[in-house]
Amino acid sequence: MAALHGQQNVFYIPSSVEQEMSKHMFLSLPQEACGVMLGETAAGGIRISRFQPIRNVAPDPLHHFALDDAEWIRCIFSEPKLIGIFHSHPHTKPVPSLEDMQALPAFAGLLQIYLIGSPDLTTGLRSNMQLNGYQIESSKIPHDQSQDIVPSYNLLPVPLCVT
Ligand SMILES: [Zn+2]
């Protein structure tokens with residue numbers, strides 16, 4: 001586990017994929033958009049090769065996201081491999097919310113990348129997306145009351161390199 005510390009990863013993302021993500025986010029407004037990233041682990045980083053939009057089936061899609069089960073399961077078995085998840089924050093900064101952290105254990109074990117996008121309100125350009133990347137780090141820590149080992153997950157900011 002100590003080997004992981006200090007290791008600096010980079011997420012490589014083709015500009016065409018970044019644009020697809022951005023387009024999906026703006027078309028979904030005012031609702032939250034979501035989807036998954038497919039790709040592979042490469043030397044010194046993780047290479048995203050595809051973005052697959054997934055239907056947001058949350059009862060309140062203006063403020064939450066929930067992946068459509070059937071579409072999600074199809075992606076688990078896809079090629080290239082499922083490596084990450086994306087969702088948008090239509091009105092707030094692209095940083096993980098408390099609810100995002102609470103929902104993380106539901107799928108984090110399958111993923112390495114966590115991306116959040118927001119409309120870039122600072123530039124005044126309505127078609128610009130602010131995109132933040134996080135590495136999903138798991139640490140198995142003993143649970144308080146018992147000897148059971150439960151996985152817990154952290155999101156560490158990782159630089160995005162658009163290629
Ligand atoms: Zn969120």
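Let's start with the metal: the residues that hold the zinc ion follow the spacing H-x1-H-x10-D along the sequence. What you're looking at is a predicted model, a chain of 163 residues whose secondary structure comes to three helices and eight strands. Here's a quick tour, beginning at the zinc site and then moving out to the fold, one helix and a few individual residues.

**The zinc site**
- Which atoms serve as protein donors to the zinc ion? They are NE2 of His87, NE2 of His89 and, listed twice, an OD atom of Asp100.
- These donors lie 2.0 to 2.5 Å from the zinc ion.
- The angles among the four donor atoms run from 56 to 157°, and the site counts as irregular. A tetrahedral label is out because that would need all angles to lie between 85 and 135 degrees.
- Is histidine 87 buried or exposed? It's buried, since its relative accessible area is 1% and anything under 20% counts as buried.
- Histidine 89 is buried too, at 6% relative accessibility.

**The overall fold**
- Reading from the N terminus, the elements go β-α-β-β-α-β-α-β-β-β-β.
- Buried residues make up 40% of the chain.
- Take the contacts with a separation of 6 or more: 62% of them involve residues 24 or more positions apart.
- The chain has an accessible surface of about 9400 Å², and carbon and sulfur atoms account for 56% of that.

**Helix α1, side by side**
- Helix α1 covers residues 15-28, which is 14 residues.
- Does its length agree or disagree with what you'd expect at 1.5 Å a residue? It agrees: the expected span is 20 Å, and the end C-alpha atoms are 20 Å apart.
- The buried residues of α1 are Val17, Glu18, Met21, Ser22, His24, Met25 and Ser28. They sit on the same side of α1, because they cover an arc of only 160° around the axis.
- The numbering pattern has a simple background: an α-helix has 3.6 residues a turn, so residues three or four places apart point the same way.
- Over on the other side of α1, you'll find Gln19, Lys23 and Leu27 exposed.

**Glutamine 135, in a strand**
- Glutamine 135 belongs to strand β6, which spans residues 129-142.
- This glutamine counts as buried because its relative accessible area is 17%, with the cut-off being under 20%.
- Setting aside neighbours within four places in sequence, glutamine 135 touches Asn9, Phe11, Gln112, Asn154, Leu155, Leu156 and Val158.

**Glutamine 102, in a helix**
- Glutamine 102 is found in helix α3, residues 98-103.
- At 58% relative accessibility, this one is exposed.
- Where tyrosine 153 is concerned, 51 residues along the chain separate it from glutamine 102, and their C-alpha atoms are 9.5 Å apart.

**Leucine 67, in a loop**
- Leucine 67 sits in the loop between β3 (45-54) and α2 (69-76).
- Its relative accessible area is 13%, so leucine 67 is buried.
- Which residues does leucine 67 contact, leaving aside its neighbours within four places in sequence? The list is Cys34, Gly35, Ile54, Arg55, Val57, Trp72 and Ile85.
- The C-alpha atoms of leucine 67 and valine 36 are 9.4 Å apart, with their positions 31 residues apart along the chain.

Key
Residues numbered from 1 in each chain as written. Predicted model: local features only at pLDDT ≥ 70, side-chain atom pairs only at ≥ 80, totals over all residues. Heavy atoms only, no water. Donors = N, O, S within 2.8 Å, 3.2 Å for Na, K, Ca; no water. Tetrahedral: all angles 85-135°; square planar, octahedral: opposite > 155°, others 65-115°. Buried < 20%, exposed > 50% of the residue type's maximum accessible area, 1.4 Å probe, protein only. Helix = DSSP H or I, 4+ residues; strand = E, 2+ residues; numbered from the N terminus. Contact = heavy atoms within 4.5 Å. Areas by Shrake-Rupley, 256 points an atom, 1.4 Å probe, with all protein chains shown as cover. Expected span 1.5 Å × (residues − 1). Arc of directions from axis to C-beta.
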